[in-house]
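Biologist: Before we talk about this molecule, could you put it on the screen and let me ask how each label was earned?

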Amino acid sequence: MNDFTIAIYCFIDDYLKVAGQKPAAKRKLSDAEVITTALVAARYFGGNMTTARS
């Protein structure tokens, strides 16, 4: 699970940089972290975002 999570995060982060996505000034999480959390929740926790975050 850790390898999948890291690989997905790196891919999404690099993709967003290439696509020109600018981070908002007051955000606590990056877009890549939010998208990765959603994908990990869908794959390992049946879509449960609360369980995936912890």
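**How the labels are earned**

Modeller: This is a predicted model, and the chain has three helices and zero strands, with the elements running α-α-α from the N terminus on.

Biologist: What is the mean pLDDT of the chain, and which helix has the lowest value?

Modeller: The mean pLDDT of the chain is 84, and 93% of its residues reach 70 or more, while helix α3 (residues 49-53) has the lowest mean among the elements, 69, and helix α1 (residues 2-19) the highest, 92. Where pLDDT is low, the predicted coordinates should not be read in detail.

Biologist: Why is the pairing of Lys17 and Asp13 called a salt bridge?

Modeller: The label asks for a side-chain nitrogen of Lys or Arg within 4 Å of a carboxyl oxygen of Asp or Glu, and the N to O distance between Lys17 and Asp13 is 3.3 Å, so the pair qualifies. Both residues lie in helix α1, four residues apart, which is about one turn of the helix.

Biologist: What makes Lys17 exposed?

Modeller: Its relative accessible area is 59%, and exposed means over 50%, so Lys17 is exposed.

Biologist: How do you know that Asp31 and Arg27 form a salt bridge, and why is Arg27 called partly exposed?

Modeller: The N to O distance between Asp31 and Arg27 is 2.1 Å, and the cut-off is 4 Å, so this pair is a salt bridge as well. Arg27 has a relative accessible area of 44%, which lies between 20% and 50%, so the term is partly exposed. A search of the whole structure finds two salt bridges.

Notes: Residues numbered from 1 in each chain as written. Predicted model: local features only at pLDDT ≥ 70, side-chain atom pairs only at ≥ 80, totals over all residues. Heavy atoms only, no water. pLDDT = per-residue confidence, 0-100. Helix = DSSP H or I, 4+ residues; strand = E, 2+ residues; numbered from the N terminus. Buried < 20%, exposed > 50% of the residue type's maximum accessible area, 1.4 Å probe, protein only.
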